[in-house]
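Please open the model in your viewer and keep the sequence panel beside it, since the tour moves from one selection to the next.

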Amino acid sequence: LVDLGTSGMTLDEQIADLLDLINDPCSVAAGRPTSVLALGLVRGWRLEDGVLTVTFCVTFPGCTMAPHFTEAAREALSFLPSVVRVETVVDTSAEWMPPPRAPMHGEPQ
């Protein structure tokens, strides 16, 4: 089980904290693990009737790594007490722009 440690946090803060723990698989492979949130791959989320829908984008339309981080998001966010089900959407039409100064870790390989 996950210790959410969410006492006093808003639901949006809890969601952001959990998404910030999920690293983009390509950044991990490059030896510079960076979260999907820090990379700007999270477009937004909404909670409606217990269903949390998170919308992601990808760095390019042919990205094959999206299923890895969307599944990780579904698993992590399903522990939130107000969430009955998590749905993820990948918007391949959204133009991804790297955020300024994305905090990357490690040395490029």
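Select Glu48 together with Val51, which is its bridge partner in strand S2; bear in mind as you look that this is a predicted model. Widening the selection to residues 42-48 and residues 51-56 brings up the whole of strands S1 and S2, which run antiparallel and are joined by 6 bridges.

Next, select the turn of this hairpin, where 2 residues lie between the strands. Asp49 is found here, in the loop between S1 and S2, and its backbone deserves a careful look, for its phi is near 55°, a positive value in a residue other than glycine. Is Asp49 buried or exposed? Its relative accessibility is 77%, and because anything over 50% is classed as exposed, Asp49 counts as exposed.

Now leave the hairpin and select residues 11-19, helix H1, along with residues 66-77, helix H3, which pack with their axes 10 Å apart and at an angle of about 135°. An angle of that kind falls outside the parallel, antiparallel and perpendicular classes, so H1 and H3 are oblique to each other. If you turn the view to look through one helix onto the other, you can examine the crossing of H1 and H3, which is right-handed.

Finally, show the side chains where the two helices touch: which residues of H1 meet H3? From H1 they are Ile15, Leu18 and Leu19, and the residues they meet in H3 are Ala73, Ala76 and Leu77. Colouring this contact of H1 with H3 by residue class will show 6 nonpolar residues, with no polar and no charged ones.

Key: Residues numbered from 1 in each chain as written. Predicted model: local features only at pLDDT ≥ 70, side-chain atom pairs only at ≥ 80, totals over all residues. Heavy atoms only, no water. Axes fitted to C-alpha atoms, helices over the stretch in contact; angles between N-to-C directions. Helix = DSSP H or I, 4+ residues; strand = E, 2+ residues; numbered from the N terminus. Parallel < 35°, antiparallel > 145°, perpendicular 65-115°, else oblique. Left-handed = near helix turned anticlockwise from the far one by under 90°. Contact = heavy atoms within 4.5 Å. Nonpolar A, V, L, I, M, F, W, Y, C, P; charged D, E, K, R; others polar. Pairing = 2+ DSSP bridges. Buried < 20%, exposed > 50% of the residue type's maximum accessible area, 1.4 Å probe, protein only.
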